[in-house]
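Visitor: Hi! I'd like to go through a structure with you, a few spots at a time. Can you bring it up?

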Amino acid sequence: MAPTKKGILERLNAGEVVIGDGGFVFALEKRGYVKAGPWTPEAAAEHPEAVRQLHREFLRAGANVMQTFTFYASDDKLENRGNKLTFTGAQINEAACDLAREVANEGDALVAGGVSQTPSYLSCKSETEVKATFKKQLDVFIKKNVDFLIAEYFEHVEEAVWAVEVLKETGKPVAASLCIGPEGDMHGVSPGECAVRLVKAGAQIVGVNCHFDPLTCVKAVKMMKEAVEKAGLKAHYMVQPLAYHTPDCSCQGFIDLPEFPFGLEPRILTRWDMHKYAREAYNAGIRFIGGCCGFEPYHIRAVAEELAPERGFLPAASEKHGNWGAGLEMHTKPWVRARARRDYWENLKPASGRPLCASLSVPDGWGVTRGHADLLQQKEATTKDQLKQLFDRSKTH
């Protein structure tokens, strides 16, 4: 019988670094398996080979959490705005759990089942109705015996608290991750207050994911940590940011950027930026360090390489990657061989190659959130008249 793996809390309690995986939704959209707009994960059932391979690449890069590809897999989201699926939410979630477990078993990785924000909450459904949506997803995670649970990508702490209250009933470890920055959630609740509420609701791990770049997310988690400690509570901390630079973002994060989602490539962080991120997160006392939208396996490899001294080993993917560009010593061109050193890459200021582009953007900033008529969701497809109204409004922003 194979030895039992240490659980997430055992690892964190021992001070170990836990590395998450990256942004499945964006990565698979670029590969042709996810549709931008719905951002739903039916690929787990439609194209399991694609999801399995991405899990495998993140594992090889150093991740030791395989998060199920169940983002936005609640039935209300799967049916939202005319999205037509040939699989049920349960089928998608079961397939995602099986794929994550298969690959996790190839290494020392854990499986995390994830739930995220719902159209039901944005449409002002009741606490009972929203919790029922989470419970339906949770039934699959219990059936498949995931190792721990994550409530991730919540813009409103109220809904995240509801999710944690449902997840904690299982007795499994619960992590809660908000898609907020230092300004707090969409109703102005500060990161610190958000974290305190989540810990009191039962989350043992709290943090942020998505919407902002790594250093912005680390700043928000620092605020969480300070507030939790001030309240006399205890928790572990996690961060899984974007792989995009977002210095010009407002409270809503990168969704407000004019480039979202199809023109973000000029903002992608380099692998060397990821070294800085990993060190900043570690120095802040964060021990669950991963990525979200835009993170590819090479980004996670950079995180794992930066934290190799603390972890005691390099990831398998480092077999094909020299430390700080050392592999360039073998290049045919002398000026490229001259770049085989840390100080070159650590101090490089990459050019965009776009002479007519501004360095920053002006976020759209429509300022709508839960309770606003524009955010009421529907099963029917968006009509041409509804789109025209949005097009007209966009001209005034």
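Visitor: Let's start with Asp256. Buried or exposed?
Guide: Asp256 is buried, at a relative accessible area of 11%. Keep in mind that this is a predicted model.

Visitor: Where is Asp256 in the fold?
Guide: Asp256 sits in the loop that connects strand S7 (236-240) with helix H12 (271-283).

Visitor: And what is Asp256 in contact with?
Guide: Setting aside neighbours within four places in sequence, Asp256 contacts Ser250, Pro363, Asp364 and Gly365.

Visitor: New topic: which residues does UniProt list for "binding site"?
Guide: The UniProt entry, which is unreviewed, lists Cys210, Cys292 and Cys293 under "binding site". These three span 84 residues in sequence, but no two of their C-alpha atoms are more than 6.3 Å apart, so they gather at one spot.

Visitor: Nice. Where does Cys210 sit?
Guide: Cys210 is in the loop between strand S6 (205-209) and helix H11 (214-230). Cys210 counts as buried, with 2% relative accessibility.

Visitor: What is Cys210 in contact with, beyond its neighbours in sequence?
Guide: Its contacts outside four places in sequence include Cys292 and Cys293 from the UniProt list. Also among them are Tyr153, Cys179, Cys217, Gln240 and Phe254.

Visitor: And where is Cys292?
Guide: Cys292 belongs to the loop between strand S8 (288-289) and helix H13 (297-306). Cys292 is buried too, at a relative accessible area of 13%. Not counting residues up to four places away in sequence, Cys292 touches Gly22, Gly23, Asn209, Cys210, Gln240 and Pro241.

Visitor: With those cysteines in mind, how many disulfides are there?
Guide: The count is zero disulfides.

Visitor: Why is there no bond from Cys293 to Cys210?
Guide: The cut-off for a disulfide is a pair of cysteine sulfur atoms within 2.5 Å. The closest cysteine sulfur to that of Cys293 is in Cys210, at 3.7 Å, which is too far for a bond. Cys293 is itself buried, with a relative accessible area of 10%.

Visitor: How about Cys357, what is its nearest cysteine sulfur?
Guide: The nearest is the sulfur of Cys249, 16 Å away, and Cys357 is in no disulfide. Cys357 is partly exposed, with a relative accessible area of 48%.

Visitor: Let's switch to the sheet. What is the strand order?
Guide: The eight strands make an open sheet in the order S1-S8-S7-S6-S5-S4-S3-S2, and the pairing is parallel. Strand S1 (18-19) and strand S2 (65-67) are the edge strands, each pairing on one side only.

Visitor: How many bridges link S3 and S4?
Guide: Strand S3 (residues 110-115) and strand S4 (residues 148-154) pair over four bridges, in the parallel sense. Within that pair, Gly114 has Ile150 of S4 as its bridge partner.

Visitor: Which strands does H11 lie across?
Guide: H11 lies across strand S5 (174-178), S6 and S7. Relative to S7, the helix H11 runs at about 165°.

Visitor: Last one, how many residues of H13 are buried?
Guide: Nine of its 10 residues are buried, so by the under 20% cut-off H13 is mostly covered. Among the buried ones are Pro297, His299, Ile300 and Arg301.

Visitor: What covers the buried residues of H13?
Guide: The cover includes S1, S8 and H12, along with helix H4 (48-61) and helix H14 (308-311).

Notes:
Residues numbered from 1 in each chain as written. Predicted model: local features only at pLDDT ≥ 70, side-chain atom pairs only at ≥ 80, totals over all residues. Heavy atoms only, no water. Buried < 20%, exposed > 50% of the residue type's maximum accessible area, 1.4 Å probe, protein only. Helix = DSSP H or I, 4+ residues; strand = E, 2+ residues; numbered from the N terminus. Contact = heavy atoms within 4.5 Å. UniProt positions renumbered as here; feature names shortened; annotations may be inferred. Pairing = 2+ DSSP bridges. Axes fitted to C-alpha atoms, helices over the stretch in contact; angles between N-to-C directions.
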